[in-house]
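Trainee: I have a structure to go through with you. Could we start with the overall picture and then turn to the packing?

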Amino acid sequence: MAISRETVLIAHDRRDYIEFLMTRVLTPQGLTILIAQNGEQAQRKALDMSPDLIILNADMADGGLPLLKRLREQRCSSAVILVTRQGSLEDAVQAMHLGAQDYVTRPDDAETMRRAVHRALAHRRAERRAMPSTAFTDRQVERQIHDMRVLSAMGRRMLSVLEWEKLLPRIVDAAVYLTAASESSLALVNEATGDLHVLAAKSATEEQAHCLQPQPEVNASAMQALNSGQPVLVHNHGEPSRSYLHVPIKVGDIVIGVISTGQKVEGLPFDDHDVSLLTGLADYAVVAIHNSRAYQVMEEQARQRAIPPSPPHPTPAPETGEISPSALLQVLQTQGQEIRNTMRSATRLAQELRQQVAIVESLTTYLDAQEQTIERLASHLLPAEKAGTEEKIPEAPAVEPQSDALLHDVLECLSDGVLISDASDRVLLANSAAARILHQPAGQLVGQPLPVVCTDPRWSKTYLILKAAARLGAEEPGSEIEAVETPLTIDEHTVQAMFAPLLHAQGEWQGAVTILRDVSGERDDRRSRDKFIATISHDLQTPMTAIMGYADLLLEQSVGPLTETQNHFLQRIKVNTKRMVNLLRDLIGVAAIDSGKLGISPEPTDIPSLLDEVLAEIQAQLADKDLTIERSIPDDLPLALADPSGVQHVLTHLLSNAYKCSAVGGRIGVSVEVRTADELGSHAGGMERALVIAVTDSGGGIAPEDQASVFARHYGERPSVPGLGETGVGLSIAKGLIEAHGGQIWLESQMGHGTTFTFTLPLAEADSASTEQS
């Protein structure tokens, strides 16, 4: 059956989630939607209808990985996204082995699903185009070689300019030309004040750049480049979209200025290649600016020497009109000292100029070597007709290391494996690291077809996707793919492979560069680290518990009466020890989540009673800031099916966050209620009814752009988020615990009015009803 539009098959057993995908993710993209609510329907429709994409519930009884395996065995080539709320690393790896394009553990987040669908369909489009044709293009390599030559020529001309008023506009014009920008500016640091001042600029309406009277730089991104010493790339996706690039000018680690460009002429955003070009221009600019400043100093001193010096205290001549010998001697001594000073200054200037000449010569030698290396690499990769002759390329060309010693030495110095292939997919170059990772001698790798040097099926598949993407038009979906990565399994080692194209300017596929990295050690190191953290955390809990116990004994005055001061100190000891215990629990929780062993023991739990216990523990903290707790809790609430310890941990973190970000004398709201699936909407999570707990603070609110990172894990101090009190891993642990219960946690915030954190828990009565029905 032919399908004209791209088709997505939703294989899921929850109607509310199907509606969520249809309304929030798929229908806005104009996709044709098929629905299957069990594994048998999904298999039949996948084989009969051949959809472009299948969104498959990994938790469905007769679906998930077994269904995906059956589809692949019956040669179903549809792209597949697996969605789950209880995923594991092992399942994710198995899904990738079976050819799934994505494994989503946050399936209720609309933006996450939209991105996953976009990636999978782009992958599918590129894959469909991979087989029919082998005519590919090579524009990027030619462009990069051309840009390097232009940069080298511009840099040399720039170094020949010594006049300040001519040099600064030339730097700006070069930045505009190299990056195809419509506007640019050059700002330098004032040595006296340390402020950044714009000294030259070109606007979109001007033909050439010109010098300006020093103006303070007010652009925040330019100041960020100045303070960080790193390029800053800004994309504004508004209407119209705009792109800005700011690159620091550095002498060693000291930033002396910033080159800024904005708005490419063709409306495209700046990319990494533009960053590389502008950084190279900045390297030339720093030498040229230093030379120009030295020239200015030399000119100024030359002007001063041209003015005849006057004796500081001339001796009046005698009345006879004759000059006394002592006066004449004083004049001669003064002029002699002036001449000696001038000679010393001239000597220093000559030394500085010799040093600058040496720097320029070294830079020129380096650029000549770079240009020769590019020429040698191009001679291997660009077509033979460049030389004006039609030469037949051998079917399996071999490059001897001696033919290009420099390139060979560079590749051998790399710890990552590198393979360079030609237009016919034959391996031209392979370093020792690649031979070691692939377990083949380097000599045998050269001449082999690249798609067959690795037996992992993802290797050849990913390479074909890259080739297909490289020949797409600029406006076609998938053309934005510039490099592709894939994990591989080679002799029980986990290897990360990245394929990047070598493209000719006329649009012919000319080959590829493949980078291989063995990441098995990184994975083992991470596991060792997590095990160490968990072990230390367990060991530290014992003395912390002992300290808590002795503090309680003293506070109960079991060993004698306490003064008011002693009581206060012991309360602080207890509070901070409790805080330390909570931090240790967080570390244990992180290790459990990472290892997939976060276990809970659900039982019928009275949430209001649990809330009373948590509030009693933090009552002293609340009193310190004179905070009022406003409760909204009905008397007839049903029991939740929850792990009391886990929920207590979540409540502690949420109330601690509310305490930290609420002002003195503020209010913290706590509510508990029962809501239906219709009331919860996308937060229902498959539950017909759920217990909903909310904690509201009286802080300043969290900005929309910061809300996405609230539940992200942060070791050490979290980057400052106004309106958020909790730092570190606390909220991440809370999210993991709630999701382990089958619930969801989210936030709603209004600037200036505070933030509400809400989470859901299943009802014990719902579990009882399902048990009786079974």
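Mentor: Certainly. This is a predicted model, and its secondary structure comprises 23 helices and 23 strands.

Trainee: How much of the protein is buried?

Mentor: Buried residues account for 43% of the 774 residues. The accessible surface is about 40900 Å², and carbon and sulfur atoms hold 53% of that surface.

Trainee: What share of the contacts comes from residues 24 or more positions apart?

Mentor: Among contacts with a separation of 6 or more, such residues account for 64%.

Trainee: Turning to helix packing, at what angle do α1 and α5 pack?

Mentor: Helix α1, residues 15–26, meets helix α5, residues 110–128, at an angle of about 70°, and their axes lie 10 Å apart. The two helices α1 and α5 are therefore roughly perpendicular to each other.

Trainee: Which residues make that contact?

Mentor: From α1 the participants are Y17, F20, L21, R24, V25 and L26, and from α5 they are A110, M113, R114 and V117. Eight residues of this contact are nonpolar, two are charged and none is polar.

Trainee: On to the interior. Which residues touch the most other members of the largest nonpolar core?

Mentor: They are L655, F759 and L761, in a core of 39 residues. Elements that each supply at least two residues to this core include α17 (607–617), β20 (667–676), β21 (689–696) and β23 (754–762). Helix α19 gives the most, with seven residues.

Trainee: And what does F759 contact, leaving aside its neighbours within four places in sequence?

Mentor: F759 is in contact with V650, L651, L654, L691, V692, I693, I738, Q744, I745 and W746.

Trainee: What about a second core?

Mentor: A separate core of 37 residues has A174, I249, I256 and I289 among its members. As general background, nonpolar side chains tend to be buried together in soluble globular proteins.

Trainee: Back to the first core for a moment: α22 supplies at least two of its residues. Is α22 mostly covered or mostly uncovered?

Mentor: Mostly covered, since nine of the eleven residues in α22 are buried.

Trainee: Which ones are they?

Mentor: The buried residues of α22 are G730, L731, S732, I733, A734, K735, G736, L737 and I738. Of these, I738 also appears among the contacts of F759.

Trainee: Last point: what follows α22?

Mentor: G742 follows α22, and its phi is positive, near 90°.

Technical notes:
Residues are numbered from 1 along each chain as its sequence is written. This is a predicted model: local features need pLDDT of at least 70, side-chain atom pairs count only at pLDDT 80 or more; totals for chains, interfaces and linings use all residues. Side-chain values use heavy atoms; hydrogens and water are left out. Helices (H or I, at least four residues) and strands (E, at least two) are DSSP runs, numbered from the N terminus. Buried means under 20% relative accessible area, exposed over 50%, partly exposed in between (1.4 Å probe, protein chains only). Contact means heavy atoms within 4.5 Å. Accessible areas come from the Shrake-Rupley method with a 1.4 Å probe; for residues, only the protein chains shown count as cover. Axes are lines fitted to C-alpha atoms, for helices over the stretch in contact, and angles run from 0 to 180 degrees between N-to-C directions. Angles under 35 degrees count as roughly parallel, over 145 as roughly antiparallel, 65 to 115 as roughly perpendicular and the rest as oblique. Ala, Val, Leu, Ile, Met, Phe, Trp, Tyr, Cys and Pro count as nonpolar, Asp, Glu, Lys and Arg as charged, and the others, Gly among them, as polar. A nonpolar core is a set of buried Ala, Val, Leu, Ile, Met, Phe, Trp, Tyr and Cys residues joined through side-chain atoms within 4.5 Å.
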